[in-house]
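Biologist: I should like to go through the ligand site of this model and to hear the grounds for each term. Please begin with the elements around the ligand.

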Amino acid sequence: MKKVLVIGAGFAGLRACKLLAKSKQDLEVTLVDRTPYHYDSTQLYRVAAGSIAPEKIMFRIEDIISPKIKFIQDEVQVINGKQNTVTLANHGDISYDYLFNALGFEPETFNTPGADTDGLQISNIENSSRDAKALQDSLAKYAQTKDPKYLSILTVGGGFTSIELLGELVHMVPTWAKKYGFQPNELKITCVAPAFLGMFNEKQSTYAKRYLEKKGVNFILGSNVNKVTDDGVYYGQDNQFLPAANIFWTAGVKGSDVIAASGYDQHRNRVAVNDDMSLQAYPNQYLIGDVSAVKDPTSGQMYPTTAQISIYEASNAVANLENKLAGKSVAPFNYHSLGTVCSLGPHNAVADVSMLGLNVKINGFIAAVVKNIIFKRSSYELSGLKMMLQS
Ligand SMILES: Cc1cc2nc3c(=O)[nH]c(=O)nc-3n(C[C@H](O)[C@H](O)[C@H](O)COP(=O)(O)OP(=O)(O)OC[C@H]3O[C@@H](n4cnc5c(N)ncnc54)[C@H](O)[C@@H]3O)c2cc1C
């Protein structure tokens, strides 16, 4: 019997577990995660905005994995590749014959002072729930003091997380205005970023930007944030100060810090993998999801890290372990993106998707419906019908 250890119960880790549980090989599979629940990280911006309860995107791991898999709740501290062990904070060293490393992403601050201490991060249930509370506390302080400084929100970055968050925030404004006693246009929402939604074409990104501007968002584009403080940010070449009570640091992500701590040859905690998702240095380790770096043969660039490719990588890695154990050759990495949908709140989105072999670009309510179908489908695949209907 071979010991297979999966670390991380995100999209990649859970897909690997699902397939490993069905394997005809003689495997003893153990899954480790720091929390007892899986969370749908693509929905964290909604938790941070306070528009959805965290429980709606959380699934108890032991309810959704096969009973054949042993689950250990613990923090992975370091991977000891030469010893074939992983050190856990409470359970000590645990050995493996094959490792599936799916430890996922963390916020990338690009060494910006104050980004991690004074910025609100969106990378897990804890920090996203804290963000929602901080925002509510700020609005409640306005209600008590009538000091307009509390009516200000700033997002840093023009990528997916920042834009999806802005869509959700503008949707919440009328509710907050009523609850905390202000006019909707008194809440100042600003986004500072070098660029806006670069993964869409100009027409679609202009649609998204105009929609958010119409809802009151002020964009300061072409600028980086240089420093975050507890009452604002310094930005741009002349280092101007912009006051804000609630500053969301949504400028990018990197792979898990365990990657650097374990001495891998990495860039931003991502490691280049072979065609079968294994490592050159340690062929019994598969890196899947946001900790891996895979080159798109068409563009020559690394694929962007997404839930979609994480799931594909996990399937590819498990198929290749099976091939290895059966003495068969490597199944090539042959990924085709199904497209991208960026939410602009519950009733609006921009979508650039592949359907029936065609590339389809949709803006507006239908795109929001597509986004919701993707979310429901992902919940169903993870946890079955009952939990999908709850979410
Ligand atoms: C706001 C937001 C919106 C997004 N929207 C989309 C979208 O629409 N479509 C899309 O395809 N992608 C989207 N993404 C990207 C997507 O969420 C990630 O690419 C995906 O979650 C990566 O999956 P993963 O399994 O690699 O890691 P993760 O989902 O990050 O899971 C990692 C798991 O490892 C656990 N873990 C981490 N460190 C440790 C440790 N040291 N010890 C023990 N356990 C640990 C965590 O608890 C977690 O369960 C979005 C991301 C964000 C932040």
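Modeller: The model is a predicted one. A helix here is a DSSP run of H or I with at least four residues, numbered from the N terminus. On that basis helix H1 (11-21), helix H6 (160-180) and helix H9 (307-325) each give at least two residues to the shell around the ligand.

Biologist: What makes Asp33 a residue near the ligand?

Modeller: A residue is near if one of its heavy atoms lies within 4 Å. A polar side-chain atom of Asp33 lies 2.7 Å from an oxygen atom of the ligand, so by the 4 Å limit Asp33 is near. Of the 29 residues around the ligand, Asp33, Ser41, Val76, Asp290 and Lys371 come nearest.

Biologist: Why is the pair formed by Ala307 and the ligand called a polar contact?

Modeller: The limit for such a pair of N or O atoms is 3.5 Å. A polar backbone atom of Ala307 is 2.9 Å from a ligand oxygen atom, so this pair is a polar contact. For Thr306, a backbone N or O atom lies 3.5 Å from an oxygen atom of the ligand. The protein buries 92% of the 1,000 Å² that the ligand exposes when taken alone.

Biologist: How do you know where the ligand lies relative to domain 1 and domain 2?

Modeller: The domain assignment gives domain 1 (2-34 + 74-107 + 253-336) and domain 2 (115-249). Both domains give residues to the shell around the ligand, so the ligand lies between them. Their C-alpha centres are 34 Å apart.

Conventions: Residues numbered from 1 in each chain as written. Predicted model: local features only at pLDDT ≥ 70, side-chain atom pairs only at ≥ 80, totals over all residues. Heavy atoms only, no water. Polar contact = N/O pair within 3.5 Å; in protein donor to acceptor, adjacent residues only side chain to side chain. Areas by Shrake-Rupley, 256 points an atom, 1.4 Å probe, with all protein chains shown as cover. Domains from an automatic or database assignment.
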